[in-house]
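Let's go through some labels and ask what stands behind them.

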Amino acid sequence: KSVKYNAEFSDNRISLFSAQWGKCAVTGKYFQCTGDIHCHHKVPKARGGTDKYDNLVLVLPQVHRLIHAADSGTIEKYMRLLNLDKAQTAKLNKYRAKANNQPIKA
């Protein structure tokens, strides 16, 4: 599937990478390659979210899947894989709430 991004979205991704010091907003781990960088819309576009800087955050692909996951098996898999601490889980849950998903217990 080919995804086309507008200039605002592309520019904001670059700005976020710099502002986040090349690290995932939830785990604090450095992105190792461009494939590690997922740009999450805090308020989903389907719910009126925009490509503006303040509605975007960069996260690892596994974190992005966990933000949107509703299936308990998927949630358990990625929570085990990521081994998030309480502070990281709180950050994750902040993004899950904006995506209309239930919080995950730490």
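Q: What makes the lining of the largest pocket a mix of classes?
A: The lining has 5 nonpolar, 6 polar and 4 charged residues, where Ala, Val, Leu, Ile, Met, Phe, Trp, Tyr, Cys and Pro count as nonpolar, Asp, Glu, Lys and Arg as charged, and the others, Gly among them, as polar. Mind that this is a predicted model, where local features need pLDDT of at least 70, side-chain atom pairs count only at pLDDT 80 or more, and totals for chains, interfaces and linings use all residues. Numbering starts from 1 along each chain as its sequence is written, and side-chain values use heavy atoms, with hydrogens and water left out.

Q: Which residues lie nearest the centre of the largest pocket, and how many line it?
A: There are 15 lining residues, with Y5, F9, C39, H41 and H64 nearest the centre. Lining residues have an atom within 4 Å of a pocket point, on a 1 Å grid; a pocket is an open set with protein on both sides within 12 Å along at least five of seven lines.

Q: Which element gives the most to that lining?
A: Strand 1, with 4 residues. Helix 1 (7–19) and helix 2 are also among the elements that each supply at least two. These are DSSP runs, helices being H or I with at least four residues and strands E with at least two, numbered from the N terminus.

Q: Why are some residues of helix 2 called buried?
A: Buried means under 20% relative accessible area (1.4 Å probe, protein chains only), so P61, V63, H64, L66 and I67 of helix 2 get that label.

Definitions and conventions:
Buried means under 20% relative accessible area, exposed over 50%, partly exposed in between (1.4 Å probe, protein chains only). On a 1 Å grid over the protein atoms alone, a cavity is a set of points where a 1.4 Å probe fits but cannot get out, and a pocket is an open set with protein on both sides within 12 Å along at least five of seven lines; lining residues have an atom within 4 Å of a point.
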